[in-house]
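Please walk through the model below with attention to its charged pairs and to one of its pockets.

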Amino acid sequence: MAELDIGKHCEVESCNQKDFLPFVCDHCSAVFCLEHRSRDSHSCPEVSVKRDISGSGSSTSYPCTFENCKGRELLPVVCPQCQKHFCLAHRHQDDHKCEKLETPKPRMLATQELVQKIVESKKNAPTSRGRKGAKNSATAAKVALMKLKLHASGDKGLPQTERTYFQVFLPKEANVSSLPMFFSSKWSVGKVVDSASSQASLKNNNNVLTARKLRLCHPETGEALKMDASLQSLLSLPHSPLYNGGNVILEYLDNESPGVEDVTAYFPSS
């Protein structure tokens with residue numbers, strides 16, 4: 001009867017022991033005995049390669065290129081703008097003073113100048129006209145309201161108690177300069193804009209992200225009113241930008257614009 005050849009010899013040259021239950025390394029696929037089955041005991045070549053790649057030597061660590069920084073990272077941290085290596089502390093453009101850091105665009109600077117003009121106009125505006133001037137203004141507002149009620153257009157289904165009347169000065173490109181209209185005091189500024197544009201047959205692209213937006217603006221400073229503010233809340237402010245029977249400006253503005261620059265273009269006789 002022939003002798004059965006069971007088991008295999010350990011592939012470590014100094015061992016070569018035959019093991020009836022040999023072990024196969026899951027990294028290098030070589031056969032080893034019980035004593036040399038671990039990767040360290042048979043100096044597995046695959047593990048050595050991985051250690052060389054992921055080790056902490058200078059060839060696989062990445063120094064930070066920021067001035068006077070000695071930080072290093074095991075993995076590359078590259079700025080997508082200037083393509084230089086940095087440590088985690090200096091990875092952002094502002095942190096490493098990136099040479100490709102974008103400067104403010106001219107349009108943004110123009111917007112800042114417009115905001116500054118509006119602030120200055122508020123500072124230079126007279127704070128009070130005296131008691132007599134206040135009485136005259138109140139009387140003029142009542143007269144204007146009475147005239148508006150005679151000619152204003154709007155949703156006829158609105159209760160009289162909710163109606164708020166304005167002389168709406170339309171965009172410069174409109175066929176007429178202004179129209180008398182009324183709205184519900186419970187509406188938001190955004191809904192007032194939609195209603196006014198419909199009554200004046202104006203193109204309204206406020207739902208288009210890149211289009212110029214129709215905005216309701218302060219009749220004195222030109223500042224655009226917040227679209228989600230309600231008329232009721234604006235009318236109840238101590239120094240309200242709006243009042244029943246007063247004026248408002250409806251104009252197309254760029255997305256970054258805080259308001260109209262020259263309100264005198266809408267009220268040339270004021």
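Is R212 buried, partly exposed or exposed? In this predicted model, R212 has a relative accessibility of 43% and therefore counts as partly exposed, because that class lies between the limits of 20% for buried and 50% for exposed residues. R212 forms a salt bridge with D254, with 3.6 Å between the closest N and O atoms. The pair connects distant parts of the chain, since R212 sits in the loop between α4 and β9 (213-217) and D254 in the segment after β10, 42 residues apart. D254, at 33% relative accessible area, is likewise partly exposed.

D254 also leads to the second largest pocket, which is lined by 20 residues, with L114, D254, S257, G259 and E261 lying nearest its centre. Two elements, α2 (106-124) and β10 (246-253), each give two or more residues to this lining, and α2 provides the largest share, six residues. The pocket has a volume of about 350 Å³, and its lining comprises 10 charged, seven nonpolar and three polar residues.

Over the whole structure, four salt bridges are found. One of them joins the side chains of R39 and D26 at 3.8 Å, N to O; R39 lies in the loop between β4 (31-32) and α1 (45-54) and D26 in the loop between β3 (23-24) and β4, so the pair ties together parts 13 residues apart in sequence. R39 is partly exposed at 39% relative accessibility, whereas D26 is exposed at 64%. K186 and E162 form another salt bridge, their closest N and O atoms being 3.5 Å apart; here K186 is exposed, with a relative accessible area of 56%, while E162 is buried at 17%.

Terms used. Residues are numbered from 1 along each chain as its sequence is written. This is a predicted model: local features need pLDDT of at least 70, side-chain atom pairs count only at pLDDT 80 or more; totals for chains, interfaces and linings use all residues. Side-chain values use heavy atoms; hydrogens and water are left out. On a 1 Å grid over the protein atoms alone, a cavity is a set of points where a 1.4 Å probe fits but cannot get out, and a pocket is an open set with protein on both sides within 12 Å along at least five of seven lines; lining residues have an atom within 4 Å of a point. Grid points are joined across faces, edges and corners, and a volume is the space filled by probe spheres set on the points. Helices (H or I, at least four residues) and strands (E, at least two) are DSSP runs, numbered from the N terminus. Ala, Val, Leu, Ile, Met, Phe, Trp, Tyr, Cys and Pro count as nonpolar, Asp, Glu, Lys and Arg as charged, and the others, Gly among them, as polar. Buried means under 20% relative accessible area, exposed over 50%, partly exposed in between (1.4 Å probe, protein chains only).
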